[in-house]
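I opened this model to look up the ligand site first, then the aromatic pairs. My notes follow.

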Amino acid sequence: MVRHSSRIELSLAALKQNINFIRKKIGTDAIFSSVVKADAFGHGIGTFVPMAEKAGIRHFSVASSYEAWEVSEARTKESTIMIMGILYDDDMEWVIKNEVEFFVFDLPRLKKAKAAAEMIGKKAIIHLEVETGGNRTGLEESKLDEALEYIKQHSEWIRFEGFCTHYAGIESLSNQFRTRKQLDKFEKLYERTTQSGIEPNLKHTACSAAALAFPETVMDLVRIGTAHYGMWPSPDIYNVHLQQTGKKRDAPLKRVLTWKTDVMHIKEIKKDEFVGYGTSYQAPRDMKIAVLPLGYSNGYPRTLSNRGEVIIRGKKAPVVGLINMNVFMVDVSHNENVEVGDEVVLIGRQKNHVISIRSFSEFTNAINNELVSRLPDAIPRVAVK
Ligand SMILES: *Cc1c(COP(=O)(O)O)cnc(C)c1O
């Protein structure tokens, strides 16, 4: 097998623990939908979906019909797939045939769904996403009555599976007033819906932050991304958890992902020499440098130039110089035995040291989800215990 310049390991034990922890917060009744958009937040749909199934998940949410297809290729059980975003007209037929569920947030999509369902002779399974103040997708209130009437009239071809919305920034407590308004609006629209004489099978609003911190947002299904990969949606949500439990610190969410590479080359350099392109790093003393075989094209952020850290032989090694397209250098002067081929941890634990995903965010201002979701598809993913 030809080898890639880095590799990602996914921990099944960590995933199981995260799901158990979230379950404790949401109770036993709600369907747990694992949000695997963006290639399972960079974890890799092909590896992650079967792992999630092993951990008991039977429902997956994605952003597009393309991702729905990816999940359908990866699943090993009869798990349900739900599209929350883009669904091209051309893909409608495949989606309905394969019983993929999808959000409807405008009348044209609703009509298209009915037409396609009728043509194929199989029901379209829809989740009506209503506008509650997020102003992203969501059916406007003014169109609700028409949509409900249409669903009622065409119930032969439309299964009204869900009624839902998405919060705009619920991970930040300073946004609470807006969250509250969204929830109130949602309940009002739901009431109007049931009064019209039809009822969806499921009601759902909660993402990770909502499920962890706001029990009133947990209804018949939760859509969980961030948290089940082992990341806190925000410091606010972590602090709510500490308040709820009375603990001073706690680590119930475990990072699923570990990212590793190997030392490609070693170099001894003299004081005052520059390292790599340009003059951003000048050796303050004689140094030993390890050259690593990946760079910004492989998902290692260029903003970590002269700032990031990796772990080699149980010791931290700081990045020196610029992150190049597919190489960067670290200082191993204090780590004499380092040699070519040594394992390098980019994200994860080695001996007593850990590089967290959060540490990347602190250096780069990128959010955790941004870093992981940009890990290139080409890096091999492997499930471990
Ligand atoms: C991404 C997304 C989620 C999951 O959000 P997390 O905060 O990562 O749990 C849920 N619902 C919708 C509509 C989304 O787009």
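I listed the residues around the ligand, counting a residue if one of its heavy atoms lies within 4 Å of it. They are Val-35, Lys-37, Phe-41, Met-84, Arg-136, His-166, Cys-207, Ser-208, Arg-223, Ile-224, Gly-225 and Thr-226. This is a predicted model: local features need pLDDT of at least 70, side-chain atom pairs count only at pLDDT 80 or more, and totals for chains, interfaces and linings use all residues. Residues are numbered from 1 along each chain as its sequence is written, and side-chain values use heavy atoms, with hydrogens and water left out.

I sorted the shell by type. It holds five nonpolar, four polar and three charged residues. Here Cys counts as nonpolar and Gly as polar.

Next I checked polar contacts (pairs of N or O atoms within 3.5 Å). The side chain of Ser-208 puts an N or O atom 2.5 Å from a ligand oxygen. Gly-225 uses a backbone N or O atom, 2.9 Å from an oxygen of the ligand. For His-166, a side-chain N or O atom is 3.4 Å from a ligand nitrogen.

How much of the ligand does the protein bury? I found 90% of the 390 Å² that the ligand exposes when taken alone (Shrake-Rupley method, 1.4 Å probe).

I then asked which elements give two or more residues to the shell. They are α2 (37-41) and β9 (221-224).

Last, I turned to the rings. I noted 10 aromatic pairs (ring centres within 6.5 Å). Phe-21 and Trp-232 pair edge-to-face (planes over 60 degrees apart). Their centres are 6.0 Å apart, with 70° between the planes. Phe-21 sits in helix α1 (residues 12-26), and Trp-232 in the loop between β9 and α10 (235-245). The two are 211 residues apart, so I logged the pair as a link between distant parts of the chain.

Definitions and conventions. A polar contact is a pair of N or O atoms within 3.5 Å; within protein, one must be able to donate a hydrogen and the other to accept it, and residues adjacent in sequence count only if both atoms are side-chain atoms. Helices (H or I, at least four residues) and strands (E, at least two) are DSSP runs, numbered from the N terminus. Rings of Phe, Tyr and Trp (its six-membered ring) pair if their centres lie within 6.5 Å; planes under 30 degrees apart count as stacked, over 60 as edge-to-face and the rest as tilted.
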